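Here are a few notes to go with your first look at this model. Have the sequence and the 3D view open, and take the points one at a time.

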Amino acid sequence: MMRLKVVIALLSALVTAPLPAHAVNPSERLDDPALEARARALSAELRCLVCQNESIDASEAELARDLRVLVRERLVAGDTDDEVLDFLVARYGEFVLLRPRFAAHTLVLWLSPFAVLLIGAGYILLRRRRTQTVSTASTVLNADEEKALQDLLEREKTGPSD
């Protein structure tokens, strides 16, 4: 019986461990479920400016709480999702977005992974060609090399000459 309780406790811990922790307080929640869902979706896209690697939805920082409240206030005022994001970007800069927008000034950010992959693939292809060329060229002997090899083999058969 005790084993069963331990197993159940471990399983429930394993099941709940990977769930994200949300820092939204009950006092912040909106009464309208549709607006609350939009607010949660927007909060997941916004970076906590204190924590920097967390969304404001998951952050416990005071500034994150203020941003969550601000997002909800803007939604209640009738702003669209894009208007809320534009307002926050205008106020805090594009760093507030967890996923930067695709624009001219972020082109390097978005295209650099593909450039690195292409450069790596090109390097691998060049190395492969170079090693194939070297191994092919080194296995073919010209007439002088063939004669020198035959002389060495003959000397080896006859033994050292003194």
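Is Ser59 buried or exposed? Keep in mind while you look that this is a predicted model.

1. Let's settle that one. Ser59 has a relative accessible area of 0%, so it is buried. You'll find Ser59 in the loop between H2 and H3. Its side chain has a partner too: the side chain of Ser59 reaches the backbone nitrogen of Ala61, at 3.1 Å.

2. Now step back to Asp57. This residue also belongs to the loop that runs between helix H2 (33-45) and helix H3 (62-76). Its relative accessibility is 4%, and because anything under 20% is called buried, Asp57 counts as buried. The side chain of Asp57 makes a polar contact of 3.0 Å with the side chain of Arg40. Have a look at the backbone as well: the C-alpha atom of Asp57 is 5.5 Å from that of Ala44, although 13 residues separate the two along the chain.

3. What about Ala58? It is in the loop between H2 and H3 as well, but Ala58 comes out as partly exposed, with a relative accessible area of 26%. The cut-offs explain the label, because partly exposed covers what falls between buried, under 20%, and exposed, over 50%. Ala44 turns up again here: Ala58 and Ala44 are 14 residues apart in sequence, and their C-alpha atoms are 7.8 Å apart in space.

4. Next, the helix pair. How do H3 and H4 lie relative to each other? The axes of H3 and helix H4 (residues 81-92) come within 10 Å and cross at roughly 135 degrees. That angle is neither under 35 nor over 145, and it is outside 65 to 115, so H3 and H4 are oblique to each other. As for the hand, H3 passes H4 in a right-handed crossing.

5. Last, the aromatic rings. How many aromatic pairs are there? The count is 0, with ring centres required to lie within 6.5 Å for a pair. The rings do have charged company, though. Arg74 lies over the face of Phe87, 3.9 Å from the ring centre. Over at Phe95, the charged end of Arg47 sits above the ring, at 4.4 Å from its centre.

If you only revisit one spot, try the loop between H2 and H3, where Asp57, Ala58 and Ser59 can be viewed together.

Technical notes
Residues are numbered from 1 along each chain as its sequence is written. This is a predicted model: local features need pLDDT of at least 70, side-chain atom pairs count only at pLDDT 80 or more; totals for chains, interfaces and linings use all residues. Side-chain values use heavy atoms; hydrogens and water are left out. Rings of Phe, Tyr and Trp (its six-membered ring) pair if their centres lie within 6.5 Å; planes under 30 degrees apart count as stacked, over 60 as edge-to-face and the rest as tilted. A charge sits over a ring if NZ of Lys or CZ of Arg is within 6 Å of the ring centre and within 35 degrees of the ring normal. Helices (H or I, at least four residues) and strands (E, at least two) are DSSP runs, numbered from the N terminus. Buried means under 20% relative accessible area, exposed over 50%, partly exposed in between (1.4 Å probe, protein chains only). A polar contact is a pair of N or O atoms within 3.5 Å; within protein, one must be able to donate a hydrogen and the other to accept it, and residues adjacent in sequence count only if both atoms are side-chain atoms. Axes are lines fitted to C-alpha atoms, for helices over the stretch in contact, and angles run from 0 to 180 degrees between N-to-C directions. A crossing is left-handed if the near helix is turned anticlockwise from the far one by less than a right angle, and right-handed if clockwise.
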